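Biologist: Please take one part of this model and go through it closely, saying what packs against what and how the surroundings fit together.

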Amino acid sequence: MKRFDVMLENDISGYEGEFSDLIHQAPAFYRLMTRLLDDKDLPRSISPRIIAAIAYFILPEDIIPEDRFGPVGYIDDIYLCAFVANEVMEESGSSNIISRNWDGTRPVIELIREILDREKELLGNEKERMMQYIGFNED
């Protein structure tokens, strides 16, 4: 069985449509989430949110399903990973844990900020529904 990140890479290979600059970072965001779970400095209180982000990537029918939208369907998965990565930085008080677990082609801290700043463009009004879908409600 192929690793999920390899399947992601195959699925987005050659994609040059809408949000392609972000979509090509999908495998790196998936790996970031899986690596964070093994990081000894991860605040354990955030582990359930990381697990939810990993599960959300794997779910076939999420808020923007890949089967229906193709590679653009990964944009909600990417947003959720950026959101959780930002929470990791806030709870740990440092960006080091994110930086050392990142293997994407773009600088991760700036990329996370960009994704979060583009929330409406990327998700429209679906953020709350996505958070409810994974059982996470913002206070």
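Modeller: A residue is called buried when its relative accessible area is under 20%, exposed when it is over 50%, and partly exposed in between (1.4 Å probe, protein chains only). This is a predicted model, in which local features need pLDDT of at least 70 and side-chain atom pairs count only at pLDDT 80 or more, while totals for chains, interfaces and linings use all residues. Residues are numbered from 1 along each chain as its sequence is written, and side-chain values use heavy atoms, leaving out hydrogens and water.

I shall take helix 3 as the part to examine. Helix 3 covers residues 26-38, a helix being a DSSP run of H or I with at least four residues, numbered from the N terminus. Helix 1, residues 4-12, packs against helix 3 at an angle of about 165 degrees, and their axes are 8 Å apart; axes are lines fitted to C-alpha atoms over the stretch in contact, and angles between N-to-C directions run from 0 to 180 degrees. Helix 1 is therefore roughly antiparallel to helix 3, a term kept for angles over 145 degrees. On the helix 1 side the contact (heavy atoms within 4.5 Å) involves Phe4, Asp5, Leu8, Glu9 and Ile12, while helix 3 contributes Ala26, Pro27, Tyr30 and Arg31. Sorted by class, this contact has six nonpolar, no polar and three charged residues, where Ala, Val, Leu, Ile, Met, Phe, Trp, Tyr, Cys and Pro count as nonpolar, Asp, Glu, Lys and Arg as charged, and the others, Gly among them, as polar.

The second partner is helix 4, residues 47-58, whose axis comes within 9 Å of that of helix 3 and crosses it at roughly 145 degrees. Here helix 3 supplies Ala26, Phe29, Tyr30, Met33, Thr34, Leu36 and Leu37, which meet Ser47, Ile50, Ile51, Ala53, Ile54, Phe57 and Ile58 of helix 4. These residues divide into twelve nonpolar, two polar and no charged. Ala26 and Tyr30 of helix 3 thus appear in the contact with helix 1 and again in the contact with helix 4.

Within helix 4, two neighbouring positions deserve separate comment. Ser47 lies in helix 4 and is buried, with a relative accessible area of 10%; leaving aside neighbours within four places in sequence, Ser47 is in contact with Leu37 and Leu42. Pro48 is also placed in helix 4, but at 52% relative accessibility Pro48 counts as exposed. The C-alpha atoms of Pro48 and Tyr133 are separated by 14 Å, although these residues are 85 residues apart along the chain.

A loop residue from further along the chain also reaches helix 3. Asn101, in the loop between helix 7 (96-100) and helix 8 (108-117), counts as buried at 9% relative accessibility. Not counting residues up to four places away in sequence, Asn101 touches Leu32, Arg35, Leu36 and Asp39, and Leu36 also belongs to the contact of helix 3 with helix 4. The side chain of Asn101 makes a polar contact with the side chain of Asp39 at 2.9 Å; such a contact is a pair of N or O atoms within 3.5 Å, one able to donate a hydrogen and the other to accept it, and residues adjacent in sequence count only if both are side-chain atoms.

Beyond the far end of helix 4, Pro65 sits in the loop between helix 4 and helix 5 (66-69), where Pro65 is buried at 7% relative accessibility.

Technical notes. Helix = DSSP H or I, 4+ residues; strand = E, 2+ residues; numbered from the N terminus. Parallel < 35°, antiparallel > 145°, perpendicular 65-115°, else oblique.
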